[in-house]
Amino acid sequence: PVRGGPAMAPTYTIEASLAIYSKVARVKPRPDKLVGTVEKDKDYLAFMERLAKPVAKLQSADAQLDAKEAEEAKKEGEGKEGDAKKSVTVNATSNLVMGMIDDVASRRPVRPTIKGRGAKTARAGSG
């Protein structure tokens with residue numbers, strides 16, 4: 001601010017300049033090529049079909065519990081003979097798995113143990 005004038009009011013100097021090229025590039029409006037294509041999209045159509053289908057309402061918790069208990073009671077009545085066969089199958093399966101685990105364990109190499117600096121590694125059968 002330059003001091004001067006009545007009652008020491010600030011005065012300002014301004015500078016105006018003239019642009020040599022006063023034209024501004026105009027952006028030409030282009031039509032959007034994707035307008036109206038969403039209605040043809042297969043994912044959108046599948047989504048709209050799912051929206052149009054009525055939603056099946058769930059049963060109340062009490063009704064679901066009653067149905068589950070009735071199903072379990074029905075299985076218990078039928079399963080008297082099937083339980084003996086299941087236990088044999090489970091035992092045979094568990095024996096097979098345990099045998100496979102033993103086979104893998106017997107092929108596993110012995111890992112070295114380090115007791116201190118420069119210690120030799122432990123080998124199977126040495127002691």
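Start by selecting Glu 71, a partly exposed residue with a relative accessible area of 49%. The model you have open is a predicted one, and this side chain makes a good entry point to it.

**Stop 1: the partner of Glu 71**

Add Lys 75 to your selection and draw the distance between the two side chains. They form a salt bridge, with the closest N and O atoms 3.8 Å apart. The cut-off for a salt bridge here is 4 Å, and one salt bridge is what the structure holds. How far apart are Lys 75 and Glu 71 in helix α2? They are four residues apart, which means about one helical turn separates them. Now switch on the surface around the pair: Lys 75 counts as exposed, at 53% relative accessibility, while Glu 71 is partly exposed.

**Stop 2: the acidic patch**

Keep helix α2 in view by selecting residues 61–78. Which residues gather in a patch of negative charge on the surface? Pick Asp 62, Asp 66, Glu 69, Glu 72 and Glu 76 and colour them together to see it. Then centre on Asp 62, which lies in helix α2. Asp 62 counts as exposed, because its relative accessibility is 58% and the threshold for exposed is over 50%.

**Stop 3: a nonpolar patch**

Next, move to helix α1, residues 42–52. Select Phe 47, Met 48 and Leu 51 and show their surface: these side chains form a nonpolar patch, and together they have about 280 Å² of accessible area. Centre on Met 48, which is found in helix α1. Is Met 48 buried or exposed? The answer lies in between: Met 48 counts as partly exposed, at 36% relative accessibility.

**Stop 4: colour by confidence**

Now colour the chain by pLDDT. Helix α1 has the highest confidence, with a mean of 93. Helix α3, residues 80–107, has the lowest, with a mean of 66. Over the chain the average pLDDT is 75, and 68% of the residues score at least 70.

**Stop 5: zoom out**

Finish with a cartoon view of the chain. You will find three helices and zero strands, in the order α-α-α along the sequence. How many of the 127 residues count as buried? Just 1% of them do. With the full surface displayed, the chain exposes about 13600 Å², and carbon and sulfur atoms supply 59% of that area.

Key
Residues are numbered from 1 along each chain as its sequence is written. This is a predicted model: local features need pLDDT of at least 70, side-chain atom pairs count only at pLDDT 80 or more; totals for chains, interfaces and linings use all residues. Side-chain values use heavy atoms; hydrogens and water are left out. Helices (H or I, at least four residues) and strands (E, at least two) are DSSP runs, numbered from the N terminus. Buried means under 20% relative accessible area, exposed over 50%, partly exposed in between (1.4 Å probe, protein chains only). Accessible areas come from the Shrake-Rupley method with a 1.4 Å probe; for residues, only the protein chains shown count as cover. Patches are made of residues with over 30% relative accessible area and no salt bridge: like charges are joined within 9 Å, nonpolar side chains (Val, Leu, Ile, Met, Phe, Trp, Tyr) within 5 Å. Lys and Arg count as positive and Asp and Glu as negative; His and the chain ends are not counted. The place of a charge is taken as NZ of Lys, CZ of Arg, CG of Asp or CD of Glu. pLDDT is the predictor's confidence in each residue, from 0 to 100.
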